Structure formats: structure tokens, C-alpha cells
Amino acid sequence: MTLTEKIRLAAEWIAASQRLVVLTGAGVSRESGLPTFRDALDGLWARYSPLQLATPEAFVADPALVWGWYEHRRAAVRRAAPNPAHIALAELEALLPQVVIVTQNVDDLHQRAGSRDIIALHGAIMRSKCFAACRGEPTLVEVEELPDAAEGPPRCPFCGSRVRPDVVWFGENLPAGALQRAAQLAEEADVMLVVGTSGAVQPAASLPFVTYRAGGQVIEINPVASEITAIAALWLEVPAGEALPSVVEAVRALRGEGA
Ligand code: OAD
Ligand code: ZN
């Protein structure tokens, strides 16, 4: 099948969807200039050790190092803008009865592109919280308002513990309710569109399998094969920013015809 034929077929399935779930990973933000985790050359985990930067133990061992790394990543997220893939996904909302974005990304590019129903499985890098969760999980803290934010992790204004990013680290649970809702939506989805994830991290990677086993169709957009590709009924082997605008334009044409 040619790419044009695949785009056409993807658009037909999506245009007929009553309950679409979109699972995204770092690949969807790649064309905004943000690095992925596992790409061999420029992936974050090729340059940094997850165990030294993305675990509670790492934060306790060297809070300034970990905080500095997240400051660096937050600066990159602030500089980045949504790309045509984020924008096309946001535009889908107006065309279909239900579109929910389930993202593993901690950047805020889906939000900034205008998507409204977003489940952020791994938290939000722009938010900070008390490491001790002194007022419950999460105890959010406005870092900009704290005096010592430039010198390593600030202190929690309620209890004096260190402040940390509100992201999920290795060995931690996903935000309460997020996984349950995502799993429920995956079960009910008639189509799951998987964009830019290697499918290497659980439990997020299990969601397309939930849809597949429940009889839904999985469509994948990724220039490289992933752990999900084997169950994808359709694989668009191109960057998200190239494929998604065409797919969404074709969905719009199909929905328009029916209206
Ligand atoms: P990975 O780095 O594991 O995978 C990124 C995927 O994006 C790869 O399959 C690439 O082929 C693909 N990709 C690259 N450029 C693309 C493009 N322009 N369009 C579409 N796809 C592209 O990132 P994730 O799967 O998101 O966890 O990683 C999952 C989790 O692992 C992350 O959320 C993070 C990390 O450890 C936490 O921080 C908890
Ligand atoms: Zn606290």
C-alpha cells in the first residue's frame, strides 16, 4: 500500500470513529525540537542515565543535579512550540464525537495546540510539587513565587522539604485516576491512534493492546517500528508532522461530505 492509500484508509477509519483514543509519546514533540528518550543519536537516555536523573533515589542523592536537569528541559519546553502534528490532533476534536489524548509526554504542547481532553500519564514538567507530599499527593507548589528557585530545588512553603517536578519517575505510580481512565477509554475505543512512542514503558505501552484485544483498530504513526507495530492494522511509516495534517484534512473532507 502506498502512503497516500494508507492516509486515505486511516482517515476513513478515524472519520467513522465514535470513540477515538490517541496515545502519544516523545516522537510527537520531536518536530518541535524536543528530544525523544530512546532514539540512538539524540535521545535523552543516550546522553543521560535515567537512574541518575529520573528516580526518587537520584533526587535524594543529588537534588541540585536533578533539579538542574529539569530546569534545562523546562527551558527547552518553554522555547518549543506545538508542531503540525499537535495542531492536527487538536483539530480532530471538532470533527469527531470523542477524541481523548492519552500522552506520556510531560511537555505542554498538546495543551498549547488546543486539545482539551488530555490524560497526562507521566505528569507535567512545568508543575512542581513537595517531595514529601506533605498536604497529600500531589502538593503543588508555585516555584516562580519562591525566593530560592535559582539555587537548586526550592523548599516547600508548607513543610520545608525539597520541591521536585510533578513528573512520574522510575519506580513511581502514575497519577491517581489517570491510568484507570485511560485503560477504560482504551477498552471502549473503536480506534486507537498511536503516535511517536516506542512502546517500551509500562503501563502506557499496554493500552494499545487493551484496544486490540477488545476488537478496536490500532493505527500507528512512527517512522520506525515499535513494540506496538505488530498489532497495528495500519502503520504510517513517516514523521507525525508529515502524516497527521494529511490524515486530519482527509477526515475533515469525509465528515464534511456526510454532513
Ligand atoms: P521513546 O524515546 O522511547 O520513543 C520515541 C518514539 O518516537 C520512537 O519510537 C521513535 O521512532 C519515534 N519518533 C521519532 N521521531 C518521530 C516523529 N517525528 N514522528 C513520529 N514518531 C517519531 O519515547 P516514549 O515512547 O515517549 O517516561 O517513552 C516513554 C517514556 O519513557 C517517557 O514518557 C519517559 C521515558 O522514560 C517517563 O519519564 C516516566
Ligand atoms: Zn511540603
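Here are some questions and answers about a predicted model, covering its zinc site, its pockets and strand β4.

Reader: Which residues coordinate the zinc ion (ligand 2)?
Author: The donors follow the spacing C-x3-C-x21-C-x2-C along the chain. Each donor is an SG atom, at 2.3 Å from the metal. The residues are C130, C134, C156 and C159.

Reader: What arrangement do the four donor atoms make around the zinc ion (ligand 2)?
Author: Four donors count as tetrahedral if all angles lie between 85 and 135 degrees. Around the zinc ion (ligand 2) the angles run from 102 to 116°, so the arrangement is tetrahedral.

Reader: How many residues apart are C134 and C159, and where do they sit?
Author: Both are donors to the zinc ion (ligand 2). C134 is in the loop between β4 (123-130) and β5 (140-141), while C159 is in the loop between β5 and β6 (163-167). The pair links distant parts of the chain, 25 residues apart.

Reader: Is C134 buried or exposed?
Author: Buried needs under 20% relative accessible area, and exposed needs over 50%. C134 has 34%, and C159 has 38%, which counts as partly exposed. With its 34%, C134 is also in between: partly exposed.

Reader: Which element gives the most to the lining of the largest pocket?
Author: That pocket holds about 1100 Å³ of space and is lined by 50 residues, with A26, P35, T36, F37 and N105 nearest its centre. The elements that give two or more residues are α2 (27-30), α3 (44-47) and α6 (63-79). The top contributor, with five residues, is α6.

Reader: How many charged residues are in the lining of the second largest pocket?
Author: This pocket has about 290 Å³ of space, and its lining is made by 14 residues. Nearest the centre are K129, E137, N173, L174 and P175, and the elements giving two or more residues are β4 and β6. By class, the lining splits into six nonpolar, two polar and, for the charged ones, six.

Reader: Which residue stands opposite K129 in β6?
Author: β4 and β6 run antiparallel, joined by five bridges. β4 also pairs with β5 in the antiparallel sense, over two bridges, and there the partner of K129 is L140. On the β6 side, K129 stands opposite R164.

Reader: How many of the residues of β4 are buried?
Author: The cut-off for buried is under 20% relative accessible area. β4 has eight residues and is mostly covered, and the number buried is six.

Key:
Residues numbered from 1 in each chain as written. Chains lettered and ligands numbered in written order. Predicted model: local features only at pLDDT ≥ 70, side-chain atom pairs only at ≥ 80, totals over all residues. Heavy atoms only, no water. Donors = N, O, S within 2.8 Å, 3.2 Å for Na, K, Ca; no water. Tetrahedral: all angles 85-135°; square planar, octahedral: opposite > 155°, others 65-115°. Helix = DSSP H or I, 4+ residues; strand = E, 2+ residues; numbered from the N terminus. Buried < 20%, exposed > 50% of the residue type's maximum accessible area, 1.4 Å probe, protein only. 1 Å grid on protein atoms, 1.4 Å probe; cavity = no way out; pocket = protein on both sides within 12 Å on 5 of 7 lines; lining within 4 Å. Points joined across faces, edges and corners; volume = space filled by probe spheres on them. Nonpolar A, V, L, I, M, F, W, Y, C, P; charged D, E, K, R; others polar. Pairing = 2+ DSSP bridges.
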